[in-house]
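Please open the model in your viewer and keep the sequence panel beside it, since this tour moves from one selection to the next. At each stop there is something to select, followed by a description of what is there.

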Amino acid sequence: MKVILLGTGTSTAIPEVGCGCPVCHSGDPRDRRLRSSALIITDSGKRILIDCGPDFHEQAVRLHLDRIDAILLTHEHYDHTFGLDDVRTIAWRQELPIYGQARVLETVRERMHYAFGPNPYPGTPRLTLCPIDEDGEGSFELLGEKVTPLFFDHGSLPIVGYRIGAFTYITDMKTISESEWMKVDGSELLVINALRYQRPHPSHQSILDVEALLPKLHHRPQLTLLTHLSHHAPSHQQLLSMLPEGLQPGYDGQCITLCDGLVSETPLPLYEEPFSYRDLGRIAYAEAWAMQKELFDAQLQAKHEGLPTESFLLFCEHNPVFTMGKHADSANVLMSLDVLRESGYDFYEVERGGDVTYHGPGQLTGYPILDLERFHLGLKSYIELLEQSVIELLKFYRIEAGLKDGAIGVWLDVGNPALERKICAIGVKSSRYVTMHGFALNVNNDLAPFQLINPCGFKQGKVASIAQEVGHEVDFTVVKHMLVSILHRRLHEHLTPRY
């Protein structure tokens with residue numbers, strides 16, 4: 001398990017607006033504290049966010065965070081919940097459960113009413129509110145982990161913390177009963193709030209209060225980190241010299257790994273881009289084909305020489321063109337090549353798999369040049385990744401798509417012969433796990449040219465487009481950007497190390 005402290009500051013953060021104190025003007029980056037939040041990466045790679053304050057956007061972008069699997073809320077205050085709207089860009093794809101006290105979840109429902117209405121617009125976050133048992137006894141299972149709530153008071157407001165395995169997170173606490181505090185016993189890592197060193201506060205404990213609590217545990221944590229610190233606490237460097245062993249100030253971006261009973265601070269994995277993206281615009285097929293082959297051959301040469309490979313994703317539109325794969329049946333071209341060329345169509349026989357297909361303006365054609373070994377993918381799983389990425393994109397437009405047995409690509413109304421139609425064709429070439437060619441997604445393109453062929457070898461095969469399905473042309477740039485983002489996330493998840 002990894003615990004990443006996204007923010008370790010109080011409600012005003014550090015530096016505080018308009019303040020000239022030494023901590024707010026410190027040159028130590030560890031004294032710059034966003035609103036308190038933490039990200040847990042479980043052993044299985046699931047991502048659990050604790051609190052989602054107004055700094056979540058900045059915290060997530062810093063970490064290149066593109067997926068969250070669940071959120072735990074401690075209470076409803078602004079600095080712990082007002083970033084929830086920013087999860088909508090990654091929470092429209094699948095249900096995102098949010099756990100908290102019933103009172104807190106009702107506040108979320110009221111503030112984000114647009115996410116819970118009867119007719120959500122495309123891209124609305126799919127949030128599921130999950131009340132926790134508030135009798136003080138119940139634990140629950142979340143993504144394969146046992147989660148135990150801890151109940152305590154934030155001044156006069158009852159709020160909650162969480163223990164997950166050997167990790168406990170407590171923030172905004174002023175007082176806690178002995179029985180609830182004993183739930184911390186045996187934790188290897190404790191993150192706990194301390195507003196300042198000793199001056200009393202009506203709803204937050206001090207560092208001295210934390211020091212007084214720790215000896216009451218039978219088995220103290222190996223490491224206790226302070227969070228929710230204000231600018232009135234000593235600086236990070238001063239606290240390091242003041243605090244006893246095993247008690248330290250946390251800081252934004254700090255990553256702690258819990259493994260085999262040991263707790264250690266570890267660096268965040270370096271972020272690795274899955275590919276370089278190039279938008280080629282509208283381009284002749286021969287020109288894009290030559291570019292593909294140049295990049296493809298360069299990666300094969302790099303592998304032959306034992307050098308690192310590069311990855312590319314090329315997006316484009318083509319001038320009207322028909323292409324035939326290496327095992328295509330010429331009978332699936334229903335007109336002579338001379339007639340096609342006289343009608344303004346180019347024609348190429350290429351080295352990809354698949355049969356004959358059409359490319360033209362308004363169709364999004366994608367050419368990933370990837371070393372699949374870098375992504376720990378085989379050819380079959382790579383094609384499945386492409387198919388599922390397109391299916392995910394189509395969900396944004398409320399188009400239900402699926403796969404057809406014995407056929408590659410993405411289809412609509414599979415199993416209904418009268419309505420079944422193809423919306424995305426896939427044809428790939430692979431050598432030594434390096435790929436070229438890719439997919440063609442019908443977006444706004446004219447579908448009439450498909451009547452001149454048996455698309456992908458399917459006689460009288462029907463085709464579809466996004467525009468046809470939704471009843472109007474769609475923004476082509478939005479489609480491109482969304483599909484790049486989906487492919488970026490899905491391919492990045494196959495890189496190691498991963499968050």
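Two strands are said to pair here if DSSP finds at least two bridges between them. With that in mind, and remembering that this is a predicted model, select residues 321–324 and residues 346–349, which are strands β18 and β19; the two run parallel and are joined by 4 bridges. Within this pair, Thr323 stands opposite Tyr348 in β19. Now add residues 337–342, helix α9, through which the chain crosses from β18 to β19, and follow the path, which makes a right-handed β-α-β crossover.

For the second stop, select strands β7 to β13, where 7 strands form an open sheet in the order β7-β8-β9-β10-β11-β12-β13, with mixed pairing. Because β7 (140–142) and β13 (247–249) each have a single partner strand, they stand at the edges, and one side of each is left without a neighbour in the sheet. From one strand to the next, the twist averages 25°.

Inside this sheet, narrow the selection to residues 145–154 and residues 157–164, strands β8 and β9, which run antiparallel and are joined by 8 bridges. Here Asp153 can be found opposite Pro158 in β9. As background to both pairs visited so far, strands of a sheet pair through backbone hydrogen bonds, either parallel or antiparallel.

Next, select residues 307–495, the span that the UniProt annotation "domain: BPL/LPL catalytic" covers, according to an unreviewed entry. If you mark the end C-alpha atoms of residues 307–495, you will find them 18 Å apart, and colouring the span by secondary structure should show 24% helix and 30% strand.

The last stop is an enclosed space. How many cavities of 30 Å³ or more does a search of the whole structure find? The search finds 3, and the largest cavity holds about 70 Å³ of space. To see what surrounds the largest cavity, select its lining: Thr357, Gln363, Lys422, Ile423, Cys424, Ala425, Ala440, Asn442, Phe450, Pro455, Cys456 and Val463. Strands β24 (421–431) and β25 (434–442) each supply at least two residues of this lining, and the largest share, 4 residues, comes from β24. If you colour the lining of the largest cavity by residue class, you will see 8 nonpolar residues, 3 polar and 1 charged.

Key. Residues are numbered from 1 along each chain as its sequence is written. This is a predicted model: local features need pLDDT of at least 70, side-chain atom pairs count only at pLDDT 80 or more; totals for chains, interfaces and linings use all residues. Side-chain values use heavy atoms; hydrogens and water are left out. Axes are lines fitted to C-alpha atoms, for helices over the stretch in contact, and angles run from 0 to 180 degrees between N-to-C directions. A crossover is right-handed if, with the strands pointing away from the viewer, the path from the first strand over the helix to the second runs clockwise. On a 1 Å grid over the protein atoms alone, a cavity is a set of points where a 1.4 Å probe fits but cannot get out, and a pocket is an open set with protein on both sides within 12 Å along at least five of seven lines; lining residues have an atom within 4 Å of a point. Grid points are joined across faces, edges and corners, and a volume is the space filled by probe spheres set on the points. Ala, Val, Leu, Ile, Met, Phe, Trp, Tyr, Cys and Pro count as nonpolar, Asp, Glu, Lys and Arg as charged, and the others, Gly among them, as polar. UniProt positions are given in the numbering used here, feature names are shortened, and annotations may be inferred rather than shown by experiment.
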